[in-house]
Amino acid sequence: MRIAVGSDHAGYRLKQALAEHLRRSGHEVNDCGTRSDQRVDYPDFGAAVGRAVASGRADLGLCVCGSGNGIAMAANKVPGVRAAVAHDAISARLARAHNDANVLCVGERLIGEEVAREALDAWLGAAFEGGRHAARVAKLSALDDPDGTGSVLDAPEGAD
């Protein structure tokens, strides 16, 4: 599988370790940067991973920053990306199985390398379940349409 990886300075060391784990597992890794622990801006690297996935240059993406949140927000700005922050194997597996997450985000300051590796393996080993989750993922995809045409979104009953 082709996996794009990216991080800011706060996630650089964990990104490097997880990229090596992916290579040892037989995956092709496309490193979108950063290339050191020198201060950089996470939106640049989250967007780069998101674009690699959305364009088809990568099958999946992995992002790392201090918390996983900022880089996930950046990746999610790219239409077609469903980036999820995971804190353990369970949250990673469910992101893939229920939300069809195509980018996994983790925080180097929050979880250690072993937990991150377990989360990554659980996410890669899971498959989207479809079924009742398919309509919800379709609604997520509809949010990518900037002018709202073709949207499947309606306000829930009782919402203002």
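Two strands are taken to pair if DSSP finds at least two bridges between them. In this predicted model, strand β1, which spans residues 2-7, pairs in the parallel sense with strand β2, residues 28-31, over four bridges. One point of contact along this pairing is Ile 3, whose bridge partner in β2 is Val 29. Strand β1 also runs parallel to strand β3, residues 60-65, to which it is joined by five bridges, and here the bridge partner of Ile 3 is Leu 60. Strand β1 is mostly covered, five of its six residues being buried. The connection from β1 to β2 involves helix α1, residues 12-24, and together the three elements make a right-handed β-α-β unit.

Beyond β2, the backbone shows a local feature in the loop between β2 and α2, the helix of residues 42-55, where Thr 34 lies. The peptide bond that leads from Gly 33 to Thr 34 is cis, with omega near 0°. A further backbone feature is found at Asp 100, a residue other than glycine whose phi is positive, near 50°. Most residues other than glycine have a negative phi, and most peptide bonds are trans. Asp 100 is placed in the loop between α4 and β5, the latter covering residues 103-107.

The largest pocket of the model has a volume of about 180 Å³. Its lining draws on several elements, with β4 (83-85), α4 (89-99) and α6 (132-142) each supplying at least two residues. Among the lining residues are Asn 76, Val 81, Arg 82, Ala 83 and Ala 84, as well as Asn 99, Leu 140 and Asp 144. When the lining is divided by class, seven residues are nonpolar, three are polar and two are charged.

Arg 82, one of the residues that line this pocket, lies in the loop between α3, residues 69-76, and β4. Because the limit for a buried residue is under 20% relative accessible area, Arg 82, at 18% relative accessibility, counts as buried. The side chain of Arg 82 has a polar atom that lies 2.9 Å from the backbone oxygen of Asp 100, the residue already noted for its positive phi. By the criterion applied to Arg 82, Asp 100 is likewise buried, since its relative accessible area is 19%. The contact thus links a residue of the loop between α3 and β4 with a residue of the loop between α4 and β5.

Technical notes:
Residues numbered from 1 in each chain as written. Predicted model: local features only at pLDDT ≥ 70, side-chain atom pairs only at ≥ 80, totals over all residues. Heavy atoms only, no water. Buried < 20%, exposed > 50% of the residue type's maximum accessible area, 1.4 Å probe, protein only. Right-handed = clockwise from strand over helix to strand, strands pointing away. 1 Å grid on protein atoms, 1.4 Å probe; cavity = no way out; pocket = protein on both sides within 12 Å on 5 of 7 lines; lining within 4 Å. Points joined across faces, edges and corners; volume = space filled by probe spheres on them. Nonpolar A, V, L, I, M, F, W, Y, C, P; charged D, E, K, R; others polar. Polar contact = N/O pair within 3.5 Å; in protein donor to acceptor, adjacent residues only side chain to side chain.
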